[in-house]
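Visitor: I would like to learn how to read the features of a structure such as this one. Please take me through them one at a time.

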Amino acid sequence: MTVADHTAFASAKFAKADLARGTHLFAGLNCFEPGQAQAVHTHDGADKFYLVLEGKARMRVGAEEVEASAGTLVWAPAGVPHGVVRAIERCVMLVGMSLT
C-alpha cells in the first residue's frame, strides 16, 4: 500500500480515505483542494494528529492557528477543538486518531 494509491480529491469538499482501522487506532488521509476546509470539531477521549505530507493549510487547535506545510505535525489532544481553517495549496494530510 502506498499513500499515492489512496490520494483522491473532490471539488465539492475535502476527501477522506481510510488507510487502516484497528480496535484502538485509526489512520487515514485527508485531501484538500485550495480553499477547502474541515469544520472545527472535538473528539472527547481521543487524541488526534495531522501530518502534512504535501501542500500547505491553515490549521486550528484550541485558540491557536498555524500555517502547516509539508513535514509539519499538528497535535490535537482529546477534547480540544481542532480543524482545517483553509487549505492554502492542494494538501494531503496523514491523520491518526486513537479510538475509544
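Guide: Start with one pair of residues: Leu-29 stands opposite Leu-94 in S9. The model is predicted.

Visitor: How many bridges join strand S2 to strand S9?

Guide: The general idea comes before the case. Strands of a sheet pair through backbone hydrogen bonds, in a parallel or an antiparallel sense. Here S2 (residues 25–32) and S9 (residues 91–98) run antiparallel, and eight bridges join them.

Visitor: In what order do the strands of that open sheet come?

Guide: The order is S1-S2-S9-S4-S7, five strands with antiparallel pairing. To find the edges, look for strands with a single partner: strand S1 (15–21) and strand S7 (73–76) are in that position, so each has one side without a neighbour in the sheet. From one strand to the next, the twist averages 20°.

Visitor: What is the strand order in the open sheet of four strands?

Guide: Read it in the same way. The order is S3-S8-S5-S6, and the pairing is antiparallel. Strand S3 (38–41) and strand S6 (64–69) are the edge strands, each pairing on one side only. Neighbouring strands in this sheet are turned against each other by 25° on average, with direction ignored.

Visitor: Which residues of S6 are the bridge partners of Arg-58 and Arg-60?

Guide: Strand S5 (residues 56–61) pairs with S6 over six bridges in the antiparallel sense. Within S6, Glu-67 is the bridge partner of Arg-58, and Glu-65 is that of Arg-60. The hairpin of S5 and S6 has two residues between the strands, and Gly-62 there takes a positive phi near 65°.

Visitor: Where does Asp-18 lie, and which residues is it in contact with beyond its neighbours within four places in sequence?

Guide: Asp-18 lies in strand S1. Its contacts outside that window are His-6, Phe-26, Ala-27 and Gly-28. To place a residue on the buried-to-exposed scale, use its relative accessibility: values under 20% are buried and values over 50% are exposed. Asp-18 has 48%, so it counts as partly exposed. As a check on distance, the C-alpha atoms of Asp-18 and Cys-91 are separated by 16 Å, with these positions 73 residues apart along the chain counted as their separation.

Visitor: How many helices and strands does the whole protein have?

Guide: There are one helix and nine strands. Read from the N terminus, the elements run α-β-β-β-β-β-β-β-β-β. The radius of gyration is 13 Å, close to the 13 Å that the globule rule gives for 100 residues, so the protein is as compact as a globular protein of that length. The C-alpha trace spans about 35 × 30 × 25 Å along its principal axes.

Visitor: What percentage of the residues is buried, and what share of the exposed area comes from carbon and sulfur atoms?

Guide: Buried residues are 33% of the 100 residues. The protein exposes about 5,400 Å², of which carbon and sulfur atoms supply 55%. For contacts between residues at least 6 apart in sequence, 63% join residues at least 24 apart.

Visitor: Which elements have the lowest and the highest mean pLDDT?

Guide: Helix H1 (residues 3–6) has the lowest, at 82, and S5 the highest, at 98. For the protein, the mean pLDDT is 94, with 99% of residues reaching 70 or more.

Technical notes: Residues are numbered from 1 along each chain as its sequence is written. This is a predicted model: local features need pLDDT of at least 70, side-chain atom pairs count only at pLDDT 80 or more; totals for chains, interfaces and linings use all residues. Side-chain values use heavy atoms; hydrogens and water are left out. Two strands pair if DSSP finds at least two bridges between them. Axes are lines fitted to C-alpha atoms, for helices over the stretch in contact, and angles run from 0 to 180 degrees between N-to-C directions. The radius of gyration is taken over C-alpha atoms; the globule rule is 2.2 Å times the number of residues to the power 0.38. Buried means under 20% relative accessible area, exposed over 50%, partly exposed in between (1.4 Å probe, protein chains only). Contact means heavy atoms within 4.5 Å. Accessible areas come from the Shrake-Rupley method with a 1.4 Å probe; for residues, only the protein chains shown count as cover. pLDDT is the predictor's confidence in each residue, from 0 to 100.
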